[in-house]
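I opened the model and kept notes on what I looked up, entry by entry.

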Amino acid sequence: MNKLRKSQKNLIRISVGLIAIMLLSVMSGCVVAQNIESQTTEQEPVFNDAGTVQLYYVNNMEVVPEDERYQLKQPDSLFSSLEEVMGAMHLSGGIAFESYSIDTDNNILLDITIEEGVSEEDILLNKLAIIRSIKELNGAGDIALSISGKISEIATYTDSSFFYYDDAEDSSENTGDVVLYLPDRGTLKKVVASVTIGPDDSAESAVVNQLVAYNVLPDGTKINAVSVMNGTVTLDLSSEFINQKPDEDAVLVIYSVVNSLTSLPNVNKVQFLVDGEKVEVYQGVVGIGGPLEFEDH
C-alpha cells in the first residue's frame with residue numbers, strides 16, 4: 001500500500017493501524033531466541049557495494065538514513081548479519097532489542113523492549129527504522145516485531161505498512177492512499193484510492209467508507225460500527241446488507257471487503273455482523289459466520 005501524505009505541515013513517518021499489508025502471526029519453526037548485546041562497528045565509507053546495508057534511525061521525528069552504508073563482516077550469514085545490524089542500529093532512548101529468532105524460511109521475529117513513557121510516535125518511527133534497515137539483509141524473509149515477548153502484539157510488517165502522522169495537537173485530518181479490491185468483470189481488481197481520516201476515524205472505517213462510495217455494498221447499507229482487536233476487524237452493517245441484492249456477485253462483494261481490510265497493517269481477518277448479530281451465509285452462497293481471511297478472486 002502506498003504511504004499516506006499529510007496535507008498539513010510537520011509530516012512524520014510512522015506506522016498506523018493503516019495500510020500496505022499486515023498479518024498477525026506467530027512464526028513457526030523458529031530457532032531459539034538469542035539475546036543481543038549492543039555493539040559498535042567501525043566501517044570504511046562504502047556506497048552500494050556488496051556486503052553493505054543502509055541503516056536508518058530516528059532524527060527530529062523523522063526516519064533518516066545513516067550517512068554511510070554499514071559494512072557487514074559476514075554478509076553471507078543471515079544470523080551474523082542480523083546481529084551486526086541490531087548492534088549497530090541507533091534506536092531512540094527507552095527502546096532496545098531484546099532477542100530474535102529466524103525460522104526455516106528465513107522469516108525474522110524481533111522482540112523489542114519499550115520503557116514506560118516512550119511516546120507512541122517514537123515507537124512507530126523506530127519500528128519503521130528497524131524494518132527499513134533489516135529488510136536489506138541478504139536472504140531475509142518476512143519481518144515481524146513483538147513487544148516484550150507478547151504474542152498478541154506480534155505483527156508482520158513491510159515498508160509499505162507505514163503512514164505519515166502529524167504531531168501537532170490541533171491536527172484534525174490525515175490524507176493518503178489505501179489499497180482496495182473492487183469487483184470488475186467477474187474478478188477483483190486491485191486499485192489505490194485516496195482517503196481522508198478524521199480525528200475520530202480509523203483506517204479500517206476509511207476503507208469501508210471507500211467501498212461504500214464505490215457501491216460495493218448493497219444500496220442503503222449503513223455502517224453501524226467498525227472495530228479491530230487482535231488482528232480481526234469486526235464490521236457491523238445494517239440489515240440492508242443482507243436484505244438488498246448486491247449489484248455484483250455475492251462472493252466478490254464479501255472478498256472485496258475482506259481483501260481491502262486485510263491489506264491494512266495489523267489486520268488479517270474480518271468478521272461480519274448484521275445489526276450486532278452473526279449471519280452464517282450471505283446471499284445463500286458464501287459463508288460469513290466466522291472470521292474470513294484474504295482470498296484471491
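**Entry: Thr113**

I began with Thr113 and asked how far it is covered. The model is predicted, and in it Thr113 has a relative accessibility of 25%. Buried would need a value under 20% and exposed one over 50%, so Thr113 counts as partly exposed. I found Thr113 in strand S8. Then I listed its contacts, leaving aside neighbours within four places in sequence: Gly94, Ile95, Ala96, Glu98 and Ser148. I also looked up the distance to Ser99, which is 14 residues away in sequence; the C-alpha atoms of Thr113 and Ser99 are 9.3 Å apart.

**Entry: Asn106**

Next I went to the loop between S7 and S8, where Asn106 is found. What is the sign of phi at Asn106? The value is positive, near 65°, and the residue is not a glycine. I noted for comparison that most residues other than glycine have a negative phi. Asn106 has a relative accessible area of 31%, so I wrote it down as partly exposed.

**Entry: helix H1**

I turned to helix H1, residues 78-88. How many of its 11 residues are buried? I got nine, and noted H1 as mostly covered. The buried residues are Leu78, Ser80, Ser81, Leu82, Glu84, Val85, Met86, Gly87 and Ala88. I then looked up what they pack against: strands S3 (52-53), S6 (70-71), S7 (95-102) and S8 (108-114), along with helix H2 (120-134).

I took one residue of H1 by itself, Ser81. Its relative accessibility is 2%, so Ser81 counts as buried. Outside the four places on either side in sequence, Ser81 is in contact with Leu72, Gln74, Pro75 and Leu137.

**Entry: helix H3 and its packing on H5**

I checked burial in H3 as well. Eight of its 11 residues are buried, so the rest of the structure largely encloses this helix. I listed them as Ala203, Glu204, Ser205, Ala206, Val207, Val208, Gln210 and Leu211. After H3 comes Asn215, and I noted its positive phi, near 60°.

Which helix did I pair with H3 (residues 203-213)? I took helix H5 (residues 250-261): the two pack at an angle of about 145°, and their axes are 10 Å apart. I recorded the crossing of H3 and H5 as right-handed. On the H3 side I listed Glu204, Val207, Val208 and Leu211, which meet Ser256, Val257, Ser260 and Leu261 of H5. I sorted the residues of this contact into five nonpolar, two polar and one charged.

**Entry: ring pairs**

I searched for aromatic pairs and found four in the structure. One of them is Phe241 with Phe272: their ring centres are 5.8 Å apart, the planes lie at 5°, and the pair is stacked. I looked up where the two sit. Phe241 is in helix H4 (residues 240-243) and Phe272 in strand S16 (residues 269-274), 31 residues apart, and I noted the pair as a link between distant parts of the chain. Both Phe241 and Phe272 are buried.

Phe241 also pairs with Tyr282. Their centres are 4.5 Å apart and the planes are at 15°, so I entered this pair as stacked too. Here Phe241 in H4 is linked to Tyr282 in strand S17 (residues 281-282), 41 residues apart, again joining distant parts of the chain. Tyr282 is buried, as Phe241 is. I therefore drew Phe241, Phe272 and Tyr282 as a cluster linked by ring pairs.

I made a separate note on another ring, that of Tyr56. The charged end of Arg132 sits over it, 5.8 Å from the ring centre.

**Entry: the loop between S16 and S17**

I finished with two residues of the loop between S16 and S17, Asp275 and Glu277. Phi of Asp275 is positive, near 50°, in a residue other than glycine. With 46% relative accessibility, Asp275 counts as partly exposed. Is Glu277 buried or exposed? Its relative accessible area is 53%, so I noted Glu277 as exposed. Last, I looked up Leu237, 40 residues from Glu277 along the chain; their C-alpha atoms are separated by 9.6 Å.

How values were computed
Residues numbered from 1 in each chain as written. Predicted model: local features only at pLDDT ≥ 70, side-chain atom pairs only at ≥ 80, totals over all residues. Heavy atoms only, no water. Phe/Tyr/Trp six-rings, centres within 6.5 Å; stacked < 30°, edge-to-face > 60°. Helix = DSSP H or I, 4+ residues; strand = E, 2+ residues; numbered from the N terminus. Buried < 20%, exposed > 50% of the residue type's maximum accessible area, 1.4 Å probe, protein only. Lys NZ or Arg CZ within 6 Å of the ring centre and 35° of its normal. Axes fitted to C-alpha atoms, helices over the stretch in contact; angles between N-to-C directions. Left-handed = near helix turned anticlockwise from the far one by under 90°. Contact = heavy atoms within 4.5 Å. Nonpolar A, V, L, I, M, F, W, Y, C, P; charged D, E, K, R; others polar.
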